[in-house]
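Work through the following exercises with the coordinates open beside you. Each task is followed by a solution that goes step by step.

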Amino acid sequence: MAGHHLIIVESPSKARTLQKVLGDKYDIVASVGHIRDLPPREMGVDADHDFQITYQVAPDKKKIISQLKKALSKADIVYLATDPDREGEAISWALIETLNIKVPTYRLVFHELTSSAILNAFDNTRPIDMNLVRAQETRRILDRLVGYEISPVLWRKIAPRLSAGRVQSVAIRLVVERERTRYAFNPSQWWDLEATFTTAKNESFSATLISIDGNRLVNSKDFDRTSGQLKSKKGVILLEREAAHALIDRLTKSAWSVTKVQEKPSTSNPSPPFTTSTLQQAAANKLNFSPKRTMLVAQKLYEGGYITYMRTDSTTLSREALEAARKLILDRFGGDYLPPKPLVYKTKVKNAQEAHEAIRPAGAKFQDPEQMTSQENDWRRLYLLIYQRTLACQMVPAKIRKTTVDLSDDGAVFQAAGKVIEFPGYMAVYQRTSDDDAGDEITLPKLRKGEQIGCQEISPKEHNTKPTARYTEATLIKELESLGIGRPSTYASIMDTIQRREYVFKKSGALIPTFTAVGVVRLMEANFAELVDYQFTARMEDVLDEISRGEREHLPYLHRFYFGGNGDTGLKAMLSAPIEIRRICTIPLGHGKDDVPVTVRIGRYGPYLEHGDSRTSLDVDTPPADITLEWALDRLEKGSEYPKELGQDPESGQTVLLKKGRFGFYLQLGSDSEKLKQKSLLPGQAPEEVNLEIATQILSLPKDLGPHPDTGEPVLVDLGKYGPYLKSGQTNGQIPKGEDLLSIELDRAVEILQGSKRKTPAILRELGDHPKTGAKITVKSGRYGPYITDGTTNVSLRKDEEPEQIDLAEAVKRLAAKAALGPPKRRRGGRGASKRA
């Protein structure tokens, strides 16, 4: 190979994998993501001059650019091997412009880091695809226009530090709308009977009552999912509690026989191979991974050469992948599990230039998950999920036999249902468990029509209609995808942003909107309706795809979006419309007995209830759908008690107040003008339990329990931000749940502190052995955040880094750099030393 060839990629780990494949023939360097971006504190887009963009090189990228220029100075040919999507194309274009590359430059595109894929990419190099670059720039411009024009409106009208986003705001609206349906839901109750029957061979099974005297009993399908009410009473019986119990007395005396036996064969088909969104959903449901965690691990698997590119909405598998999967199926399971020809799944991808393969194990021979013993647990678990789905999607369906049996006493009919997997098919990959959780097998005894059956027990069963479940991260991603909103690269960041901005909070996995989110959505619906319209937003994604394919010009679309035209209002006109903020931030709940409205008001410092002149704050994590008029009136009545004067502090003579704030109840010593001290209540403590004695004890914290027997340092007990704790010198210890910090004694406190001292920091990740010293390298949880350690040297992670982003090679590099600095220099003069002028 003549000349000096340079390859530029985004990440150091991808560079290392490429180097292993290509050897020393190429100089491979990493740009470490984007080397330029829009300015962080200004719009950076000039709408009046054809949306001209101002790019800026971040200060932390200047060193990297110097290194890239140094490598470029030796190069005769440059290959840009950034990721195979719009973002990767934009990074490559930015490299050409920023580095002012003059030598021959080629775009190198591959979807997996394997020898065959990389060598094939060298045979099929191409120039930069400017359509993809324009699509990426258009997306950034749209995001900037929405974020930088609407966010200040939210700051002025609702609360500081809020943000709007092109896709983020639509995602929040979905969560808020789901909460609205839950609020409007009116639950219904119905009853049925469940019986245990026995055959002559003493085989028992369960059945449910389905009809009485020819009239069908209602079931869950008879109720409207939105309202929770019965759709129609015609031809059905709604059994109530008293009637159900009365019916038991009648039916226990009956003689029962089998009146119908129906067997029906069915099949269960495998799911398509993974796209980005379906991988995120499966990882959330099966591994309890957040979308962000899934993408971090998938990125590492891709860069390590284990899977194909992880940002895709295609369900296509290459011929190489199909052959590899079919060979594995034949070898592991046999010919009965292999369909005559490969299974092809239809994809919704419209954008042919970005229709990557589905996510699958890389290469022509898939890595066996059982041989990944040297890799981290997260890597193995996610890879196994991908490996199993790839094999399963190319296997025959499972064969299932479903049996339905009716039992009658000539008036009442009970029904039993059974399900048996006769041939597992694709389920064999999951060890007879359906990938889609189709349900467990239910085996019924062999029964024949006319057979007499004994009734062992009949019991009433209560049912209540339930509102539509709140979104989880997985189901919200699924909904966004079904609406055509967002793209594979955006879902994880959307889930992270809406929680980080405190628009939603998570409870038992469910996403619940805050009242701030409700206010923002109401404002957006009133004044920026197009921007939170699902079809409008989905169409925007289609337009970006059309631009990326060269089917549409970007500037006319940007002009129409911002200035209006062709039926669109335009963002600029929307910004000038008046905002009725009082109406937007007032949510009616009903009227009190005095006929005065009861409302939730969304204020700049949090939500509160209002009834005439009475007000009381709401906790920030109060689910909006859970607030009823009765609950609100009760809360207002109790809230009017606060601030409550508990008495005078015996030591200072100051007033002791029990107050209610945004984050719950707390104690205050002194009036608002002279307040001396504030303390929250103890964990789990109800305000009704607090009297003057308890209040003064809490306000007296921190309390000195006495000197530590080993060090002589005072042992202090206190109530902090994260709960009750102990402190002595440099040693802290959390007081275990269930122990009363007000009555804890010195001996027990010393015991807790000694236990805390002996505890080693929790290991967050095991990275492997140091290649030179053999020492175990781990990422641990420390007092000031996660850090890398080999037992001798410690290196803190940066604030924006997750433990999952660090691999063994990077850890070794950082430890070596830290060790080279030597021991830290001690400051002269101690903590209180004055600075020299």
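**Exercise 1: the setting of T599**

Determine which residues T599 touches beyond four places in sequence, and decide whether T599 is buried or exposed.

Solution. In this predicted model, T599 touches T586, I587, P588, L589, Y608, L609 and E610, when residues up to four places away in sequence are not counted. The next step is to locate T599, which lies in strand β18, spanning residues 597-603. Its relative accessible area is 10%, and because buried means under 20%, T599 is classed as buried.

**Exercise 2: two cysteines**

Assign C393 and C455 to their accessibility classes, and state how many disulfides the structure holds.

Solution. C393 has a relative accessibility of 0% and therefore counts as buried. C455, with a relative accessible area of 28%, is partly exposed. The count of disulfides in the structure is zero.

**Exercise 3: helix α13**

Identify which residues of α13 are buried, and which elements these residues pack against.

Solution. Within helix α13 (residues 491-500), the buried residues are Y491, A492, I494, M495, T497 and I498. These buried residues pack against α6 (168-184), α8 (276-287), α9 (291-303), α12 (473-483) and β15 (504-507). After α13 comes E502, which has a positive phi near 65°.

**Exercise 4: confidence**

Find where pLDDT stays under 50, and how many contacts beyond four places in sequence the model has there.

Solution. As a starting point, the chain has an average pLDDT of 88, and 94% of the residues score at least 70. Over residues 349-355 pLDDT stays under 50, and the model has 19 such contacts for them. Residues 825-837 also stay under 50, with two contacts beyond four places in sequence.

Notes: Residues numbered from 1 in each chain as written. Predicted model: local features only at pLDDT ≥ 70, side-chain atom pairs only at ≥ 80, totals over all residues. Heavy atoms only, no water. Helix = DSSP H or I, 4+ residues; strand = E, 2+ residues; numbered from the N terminus. Buried < 20%, exposed > 50% of the residue type's maximum accessible area, 1.4 Å probe, protein only. Contact = heavy atoms within 4.5 Å. pLDDT = per-residue confidence, 0-100. Disulfide = S-S within 2.5 Å.
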